[in-house]
Amino acid sequence: MSDIKLKITDREGFIHEIDAPTDMNMNLMEVVRSYELAPEGTIGICGGMAMCASCQCYVRSNHQLPEKSDDEEAMLAEAFHVESNSRLGCQIHMTEDLDGLEVELAPES
Ligand code: FES
């Protein structure tokens, strides 16, 4: 299997059910960008370095995600609109165990 299903709620509240490849070394932020689910320039500003929080999302399903890195923890500690289920999309890599993942994009800050 090389594609997984994701359910992504955009910042307008629209739900998108999309397929994401697991064999292209993509992260969630890049998937959101490739489907143009957030306007250009409002997500992925730092290029996926865990330095901007523009890719913040809320995890709505019960998937076991990899632990946050120190960089991700530090960025989320400074970001706005952070909730206990906040993650940085650029730090979530597409793997088969994320099939069915549900996330909501955090508001632009
Ligand atoms: S793209 Fe900047 S923190 Fe994820």
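**Exercise 1.** Work out which residue Glu40 forms a salt bridge with, and how far apart the closest N and O atoms are.

*Solution.* Start from the acid: Glu40 is bridged to Arg33, with 3.6 Å between the closest N and O atoms. Keep in mind that we're working on a predicted model. Next, check the distance against the cut-off: a salt bridge needs a Lys or Arg side-chain nitrogen within 4 Å of an Asp or Glu carboxyl oxygen, so the pair qualifies. Then look at exposure. Glu40 has 71% relative accessibility and counts as exposed, while Arg33, at 36%, is partly exposed. Finally, put the pair in context: the structure has four salt bridges in total.

**Exercise 2.** Describe how strands β1 and β2 pair, and find the bridge partner of Lys5.

*Solution.* First, the strands: β1 covers residues 3-9 and β2 residues 15-21, and they run antiparallel, joined by seven bridges. Second, the partner: Lys5 sits across from Asp19 in β2. Third, go out to the side chains, where Lys5 and Asp19 also form a salt bridge, at 2.8 Å from N to O. That contact links distant parts of the chain, with Lys5 in β1 and Asp19 in β2, 14 residues apart. Last, accessibility: Lys5 is exposed at 52%, and Asp19 is partly exposed at 31%.

**Exercise 3.** Look at the hairpin of β1 and β2: which residue takes a positive phi, and where does that residue lie?

*Solution.* Five residues separate the two strands, and among them Gly13 has a positive phi near 90°. Gly13 belongs to the loop between β1 and β2. With a relative accessible area of 45%, Gly13 is partly exposed. Now follow the fold: the C-alpha of Gly13 is 8.3 Å from that of Glu104, although the two are 91 residues apart along the chain.

**Exercise 4.** Stay with Glu104 and explain what its salt bridge with Arg60 ties together.

*Solution.* Begin with the contact: the closest N and O atoms of Glu104 and Arg60 are 2.7 Å apart. Glu104 is in strand β5 (residues 101-105) and Arg60 in the loop between β3 (56-59) and α2, so the bridge connects parts 44 residues apart in sequence. To finish, Glu104 is partly exposed at 25%, and Arg60 is partly exposed at 42%.

**Exercise 5.** Identify the residues that make up the patch of negative charge on the surface, and place Asp71.

*Solution.* The patch gathers Glu67, Asp70, Asp71 and Glu73. Asp71 is part of helix α2, residues 70-78. Its relative accessibility is 51%, so Asp71 counts as exposed, the cut-off being over 50%.

Methods:
Residues are numbered from 1 along each chain as its sequence is written. This is a predicted model: local features need pLDDT of at least 70, side-chain atom pairs count only at pLDDT 80 or more; totals for chains, interfaces and linings use all residues. Side-chain values use heavy atoms; hydrogens and water are left out. Patches are made of residues with over 30% relative accessible area and no salt bridge: like charges are joined within 9 Å, nonpolar side chains (Val, Leu, Ile, Met, Phe, Trp, Tyr) within 5 Å. Accessible areas come from the Shrake-Rupley method with a 1.4 Å probe; for residues, only the protein chains shown count as cover. Lys and Arg count as positive and Asp and Glu as negative; His and the chain ends are not counted. The place of a charge is taken as NZ of Lys, CZ of Arg, CG of Asp or CD of Glu. Helices (H or I, at least four residues) and strands (E, at least two) are DSSP runs, numbered from the N terminus. Buried means under 20% relative accessible area, exposed over 50%, partly exposed in between (1.4 Å probe, protein chains only). Two strands pair if DSSP finds at least two bridges between them.
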